Amino acid sequence: MSLNRLDKHGTLSEYSRGAETRARILASGRFLFIAIVIALNLIPVRAEALQEKQTKYRMYALGVLGDWHEFSCLNALWNRESNWNPKAVNGSHYGIPQGRSAWLRNATPRKQIDWGIKYIRNRYQDSCTANNFSLEHKYY
């Protein structure tokens, strides 16, 4: 059903229910577009925040180890295992060090790092030996 109406400039224009529906769809499409743009702009902020946390975890581990060479081996190992994500889960393995202890699931990132370094020192003596074992056997 078409009606003749005056547009905003005072001239006659054809107006129909279909045009009104199309206008609503366009308006909702604009809203959706704006919502997507806003969401996409938030993703880099979240990624940057995660990278800052991962850097803090790495700095903490370097401080605990006190040796750059050993830290570089630990960094390579835990990059492969969890990418320094304290919430990483792979089967029954949890946290930054991807240990089998269920305690790691709820431990703070620093506690996970302490646990992982203690585990490596008890089993391999140092992180370079653990990293080499992991490269050869695909686990540590």
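Here are some exercises with worked solutions on the predicted model above.

**Exercise 1. Getting your bearings**

Task: Find how many helices and strands the protein chain has, and in what order the elements run.

Solution:
- Step 1: Count the elements. The chain has four helices and four strands.
- Step 2: Walk along from the N terminus. The order you meet is β-β-α-α-β-β-α-α.
- Step 3: Look at burial. Of the 140 residues in the chain, 26% are buried.
- Step 4: Look at contacts between residues at least 6 apart in sequence. Among these, 36% join residues at least 24 apart.

**Exercise 2. A ring pair within one helix**

Task: Describe the aromatic pair formed by W68 and F71, and say whether each residue is buried or exposed.

Solution:
- Step 1: Recall what to report. A pair of aromatic rings is described by the distance of the centres and the angle of the planes.
- Step 2: Set the scene. The structure holds eight aromatic pairs. In the one made by W68 and F71, the centres are 5.5 Å apart and the planes are at 40 degrees.
- Step 3: Classify the angle. Planes under 30 degrees apart would be stacked and over 60 edge-to-face, and at 40 degrees this pair is tilted.
- Step 4: Place the two residues. Both belong to helix α2, which covers residues 68–81, and they sit three residues apart, about one turn of the helix.
- Step 5: Check burial, using under 20% for buried and over 50% for exposed. W68 has a relative accessible area of 59%, so W68 is exposed. F71 has 6%, so F71 counts as buried.

**Exercise 3. A ring pair between two parts of the chain**

Task: Work out which parts of the chain the pair of Y124 and Y140 ties together.

Solution:
- Step 1: Start with the geometry. The ring centres of Y124 and Y140 are 6.5 Å apart with the planes at 35 degrees, so this pair is tilted.
- Step 2: Locate each ring. Y124 is in helix α3 (residues 109–124), while Y140 is in the segment after α4 (127–137), so the pair links parts 16 residues apart in sequence.
- Step 3: Check burial. Y124 is buried because its relative accessible area is 7%, and Y140 is buried because its value is 11%.
- Step 4: Widen the view. Y124 and Y140 belong to one aromatic cluster together with W115, Y119, F133 and Y139. Over the face of F133 lies R123, at 5.9 Å from the ring centre.

**Exercise 4. A buried charge**

Task: Find out why E70 has no salt bridge to R121.

Solution:
- Step 1: Locate the residue. E70 is part of helix α2, and E70 is buried.
- Step 2: Find the nearest side chain of opposite charge. This is R121, 4.5 Å away.
- Step 3: Apply the cut-off. A salt bridge needs a distance within 4 Å, so the 4.5 Å to R121 does not qualify.
- Step 4: List the surroundings. Leaving aside neighbours within four places in sequence, E70 is in contact with L65, R121, D126, S127 and C128.

**Exercise 5. The nonpolar core**

Task: Name the residues that touch the most other members of the largest nonpolar core.

Solution:
- Step 1: This core has 15 residues, and those touching the most other members are L74, W78, W84, I113, I120 and Y140.
- Step 2: Ask where the core comes from. Helices α1 (17–65), α2 and α3 each supply at least two of its residues.
- Step 3: Zoom in on W78. Beyond its neighbours within four places in sequence, the contacts of W78 include W84, I113, I120 and Y140.

**Exercise 6. Positive phi angles**

Task: Compare the places of Q98 and K138, and decide whether each is buried or exposed.

Solution:
- Step 1: Recall the usual sign. Most residues other than glycine have a negative phi.
- Step 2: Read the angles. Phi is about 55 degrees for Q98 and near 70 degrees for K138.
- Step 3: Locate them. Q98 is in the loop between β4 (93–94) and α3, whereas K138 is in the segment after α4.
- Step 4: Decide on burial. Q98 is buried because its relative accessible area is 6%, and K138 is exposed because its value is 70%.
- Step 5: Find a partner of Q98. A88 is in contact with Q98, and their C-alpha atoms are 7.4 Å apart although the two are 10 residues apart in sequence.

Conventions
Residues are numbered from 1 along each chain as its sequence is written. This is a predicted model: local features need pLDDT of at least 70, side-chain atom pairs count only at pLDDT 80 or more; totals for chains, interfaces and linings use all residues. Side-chain values use heavy atoms; hydrogens and water are left out. Rings of Phe, Tyr and Trp (its six-membered ring) pair if their centres lie within 6.5 Å; planes under 30 degrees apart count as stacked, over 60 as edge-to-face and the rest as tilted. Buried means under 20% relative accessible area, exposed over 50%, partly exposed in between (1.4 Å probe, protein chains only). A charge sits over a ring if NZ of Lys or CZ of Arg is within 6 Å of the ring centre and within 35 degrees of the ring normal. Lys and Arg count as positive and Asp and Glu as negative; His and the chain ends are not counted. Contact means heavy atoms within 4.5 Å. A nonpolar core is a set of buried Ala, Val, Leu, Ile, Met, Phe, Trp, Tyr and Cys residues joined through side-chain atoms within 4.5 Å.
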